[in-house]
Amino acid sequence: MDTHNVVALPVVSRVAVCGGTHGNELSGVYLVRERLKRREDGTEPVSVVTLMSNPRAVQLCVRYVETDLNRCFTRAALSAPVSEDSPYEMIRSRELNALLGPKGSVQAVDLLCDLHNTTANTGLCLITHSDCDWIALHICKHLQREMSSTPVRYVHFDLPLDEAYSLDSVGKHGFAMEVGPQPHGLVRSGIFSAMQEGVQLMLDWIWQFNSGTLFEGGSVDIFTMVKNIDYPRDPQTHMITAAVHPDLQDRDFCLLHPGEPMFLSFSGETLRYRGKEALYPFFINEAAYYEKGVALSLARKRRVEIPSVRSDTQR
Ligand SMILES: [Zn+2]
């Protein structure tokens, strides 16, 4: 192979696996508990910090106690003054940033994997703010190759690091590992197993990478978030007046064309997608997004070429 096209990257020696960032997304909560039970057995070839991000929300089995922890990691939010009266999650975000970051610094963990569940039929998604993170893209490719029963996709929220609001943005590399469908407040075995397999495959890849294995490049499809669509609402009461159309429900990452059904109103009227461009819907009917005014998100898909990589210990 043409070795001058190989990108040498620093080893990924410090990894963080976080769960319970949203306290009612239970696959990550139980996966973290399992990992904490056996964390000292030294069988893992990579140094992994495992932690429960929002223990109070986990205890109450709610998404958050006072404010959404996974929106607290922008540069501005992390540097805003806090007091004893600040929301619990604002204070907790500082602790996590001190423990795993600081965000954007050389001390930050090399890779942060934050475990989430969605009620939407997404399969396993790696969600990140970067579309040129070769480590995250190679891990995605590895999962796509190795996971037979779960579709794996790379989802990109196009935000500069300072504006990236999620916990995973604290690591040098990072992503949310979002697995669905699973209702909040319960755990489904198949979804838990997919997440467990995803984490194990990620750690296997990192260990091989750190050991000097060369990973060949190739192409990866990236879904870049374009916009959110809210439910139709009553202009006076702001109550929703329609549900996601049955033809669209559970069809995450299936191309949606202009004119295709999007909502079915409570009076029986089909409301269609009025955009000009066919796009890929995802997070369709996510339970936690009713409060955020999001019925679904739409993404554009493109195929990117990624270079071959190996760790720079081999030079
Ligand atoms: Zn979540």
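In which strand is the place of H116? H116 sits in strand β4, which covers residues 111-117, where helices (H or I, at least four residues) and strands (E, at least two) are DSSP runs numbered from the N terminus. Residues are numbered from 1 along each chain as its sequence is written. The model is predicted, and for that reason local features need pLDDT of at least 70 and side-chain atom pairs count only at pLDDT 80 or more, while totals for chains, interfaces and linings use all residues.

**The annotated site**

An unreviewed UniProt entry places the feature "binding site" at H22, E25 and H116; UniProt positions are given in the numbering used here, feature names are shortened, and annotations may be inferred rather than shown by experiment. These residues span 95 residues in sequence, yet no two of their C-alpha atoms are more than 7.2 Å apart, so they gather at one spot.

E25 belongs to the loop between β2 (14-19) and α1 (26-37). A residue is called buried if 20 or more other C-beta atoms lie within 10 Å of its own, exposed if 12 or fewer, and partly exposed in between, with C-beta atoms placed from the backbone. The table gives the counts for E25 and H116, together with L143, which lies in helix α5 (residues 134-146).

| Residue | Other C-beta atoms within 10 Å | State |
|---|---|---|
| E25 | 28 C-beta atoms | E25 is buried |
| H116 | 26 C-beta atoms | H116 is buried |
| L143 | 24 C-beta atoms | L143 is buried |

Two residues are in contact if their C-beta atoms, placed from the backbone, lie within 7 Å. Not counting residues up to four places away in sequence, E25 touches H116, N117 and H184, and H116, with its own neighbours within four places left aside, is in contact with residues including T21, H22, E25 and G28.

**The sheet of nine strands**

Nine strands form an open sheet with mixed pairing, in the order β3-β2-β4-β7-β5-β6-β8-β13-β12; two strands pair if DSSP finds at least two bridges between them. At the edges stand β3 (47-52) and β12 (280-282), each with a single partner strand, so one side of each is left without a neighbour in the sheet. From one strand to the next, the twist averages 30°. The strands β2 and β3 run parallel and are joined by six bridges, and C18 stands opposite L51 in β3.

**Helices beside the strands**

The twelve residues of α1 should span 16 Å at 1.5 Å a residue, and the end C-alpha atoms of α1 are 16 Å apart, which agrees; the expected span is 1.5 Å times one less than the number of residues in the helix. The buried residues of α1 are L26, S27, G28, V29, L31 and V32, and they pack against elements including β2, β3 and β4.

In helix α5, L143 touches L124, V152, G198 and L201, again not counting residues up to four places away in sequence. The C-alpha atoms of L143 and E197 are separated by 8.8 Å, although these residues are 54 residues apart along the chain.

**The sheet of three strands**

Another open sheet has three strands in the order β9-β10-β11, with antiparallel pairing. Its edges are β9 (242-244) and β11 (270-272), each with a single partner strand, so one side of each is left without a neighbour in the sheet. Three bridges join β10 (residues 261-265) to β11, and the bridge partner of F263 in β11 is L271.

Methods:
Axes are lines fitted to C-alpha atoms, for helices over the stretch in contact, and angles run from 0 to 180 degrees between N-to-C directions.
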